[in-house]
Amino acid sequence: MRKYYMAGNWKMNTTKGEAVDLAKALVSQLKGCAQKVMIAPPFTSLDAVGQVVKGSNILLGAQNMAAEEKGAHTGEISVLMLKDLGVSVVILGHSERRHIYGESDAFINRKVKLALQHGLDVILCVGETLDEREAGKAERICDEQTKKGLEGVSLAQLSKVTIAYEPVWAIGTGKNATPADAEAIHQAIRKTLAGLYSVDAAKKVQIQYGGSVKPDNVKELMAMADIDGALVGGAALKPESFVPIALF
Ligand code: PGA
């Protein structure tokens, strides 16, 4: 049976106490969940949430990471600090990083390579804006972001990479891509991966869909052949919505 990868990106939400409560509820309600599950709380709660998920089937993820290992980078968080807290996965290239904070493909690529060098798993996010979709450029944008994000990533390292397709217009808007629209882009991304590596390697990469995933649309999205999981924002903040997504 296919094992899906269900990840919760908590973004800039939850104080430490709230994060611990949410993590505790998820650990107890997702015990025995057949899917791979990850949660990415804010940096300030990683330590506390790390203690809660330790020994459980839930992986600890970070939402971002600096492009350098250490030094004079005020306000940044290093890969070494994340590893020290038990983080095993980092989300990179999220559209909010790209569009609000101006992160370029080249900058994201440096982070991807650094995370992989240090043995972290990476979720590389790609996705087009509404203007790009309407101009018929969705596939091209995702192809480009995937290629540039993975530049210099070896075949061996690819096994630690997940791609998350998150159309920018569907994030936090309540508008999700139709399963067929999402599947078309997932297929295109897999084709890009096949071109970069091999058909076989591309088949093994998990490609998540993200953008307004909810308990009532998760099933139809996961039914698509090339959708291997979900990266969930808003609905990841409550056990009532994240648990049914993870257990869909
Ligand atoms: P959303 O966010 O589920 O709230 O749309 C998804 C994401 O940005 O990862």
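Trainee: How do the residues lining the second largest pocket divide into nonpolar, polar and charged?

Mentor: Keep in mind that this is a predicted model. In the lining of the second largest pocket, nine residues are nonpolar, four are polar and five are charged.

Trainee: Thanks! And which residues lie nearest the centre of the second largest pocket?

Mentor: Those are L158, S159, K160, V161 and K204, out of a lining of 18 residues. Four elements each give two or more residues to that lining: the strands β5 (121-126) and β6 (161-165), and the helices α8 (155-158) and α10 (199-204).

Trainee: What volume does the second largest pocket have?

Mentor: About 240 Å³. For the largest pocket, the volume is about 490 Å³.

Trainee: OK, on to the largest pocket then. How many residues line it, and which lie nearest its centre?

Mentor: There are 18 residues in its lining, and M12, Q63, N64, R97 and Y101 lie nearest the centre. By class, the lining of the largest pocket holds nine nonpolar, five polar and four charged residues.

Trainee: Let's go inside. How many cavities of 30 Å³ or more does the structure hold?

Mentor: One. The largest cavity has a volume of about 50 Å³.

Trainee: Which residues line the largest cavity?

Mentor: The lining is made up of G93, H94, S95, R98, H99, C125, V126, G127, Q145, E166 and V168. Two elements, α4 (95-99) and β5, give two or more residues each to this lining. The largest share comes from α4, with three residues.

Trainee: And what is the mix of classes in the lining of the largest cavity?

Mentor: Six residues there are polar, three are nonpolar and two are charged.

Trainee: New topic: the ligand. How many residues surround it, and which are the closest?

Mentor: The ligand has 13 residues around it, with K11, H94, E166, G172 and S212 the closest. Two of those names have come up already, since H94 and E166 also line the largest cavity.

Trainee: What does E166 do there, in terms of distances to the ligand?

Mentor: One of its polar side-chain atoms lies 2.7 Å from an oxygen atom of the ligand. With S212, a polar backbone atom is 2.7 Å from a ligand oxygen. G234 also has a polar backbone atom placed 2.8 Å from an oxygen atom of the ligand.

Trainee: How much of the ligand's accessible area does the protein cover?

Mentor: The protein covers 97% of the 280 Å² that the ligand has on its own. The shell around the ligand has seven polar, four nonpolar and two charged residues.

Trainee: Back to K11 for a second. Where in the chain is K11?

Mentor: K11 is in the loop between β1 and α1 (16-29). Its phi is near 50 degrees, which is a positive value in a residue other than glycine. T14 is in the loop between β1 and α1 as well, and its phi is positive too, at about 80 degrees, although T14 is not a glycine.

Trainee: Last one, about aromatics. How many aromatic pairs does a search of the whole structure find?

Mentor: Two aromatic pairs. One pair is formed by Y4 and F248.

Trainee: Why is the pair of Y4 and F248 called edge-to-face?

Mentor: Because the planes of the two rings are at 90 degrees, with the ring centres 5.1 Å apart. This pair links distant parts of the chain: Y4 is in the segment before β1 (5-9) and F248 is in the segment after α12 (239-246), 244 residues apart.

Conventions:
Residues are numbered from 1 along each chain as its sequence is written. This is a predicted model: local features need pLDDT of at least 70, side-chain atom pairs count only at pLDDT 80 or more; totals for chains, interfaces and linings use all residues. Side-chain values use heavy atoms; hydrogens and water are left out. On a 1 Å grid over the protein atoms alone, a cavity is a set of points where a 1.4 Å probe fits but cannot get out, and a pocket is an open set with protein on both sides within 12 Å along at least five of seven lines; lining residues have an atom within 4 Å of a point. Grid points are joined across faces, edges and corners, and a volume is the space filled by probe spheres set on the points. Ala, Val, Leu, Ile, Met, Phe, Trp, Tyr, Cys and Pro count as nonpolar, Asp, Glu, Lys and Arg as charged, and the others, Gly among them, as polar. A residue is near a molecule or strand if one of its heavy atoms lies within 4 Å of it. A polar contact is a pair of N or O atoms within 3.5 Å; within protein, one must be able to donate a hydrogen and the other to accept it, and residues adjacent in sequence count only if both atoms are side-chain atoms. Accessible areas come from the Shrake-Rupley method with a 1.4 Å probe; for residues, only the protein chains shown count as cover. Rings of Phe, Tyr and Trp (its six-membered ring) pair if their centres lie within 6.5 Å; planes under 30 degrees apart count as stacked, over 60 as edge-to-face and the rest as tilted.
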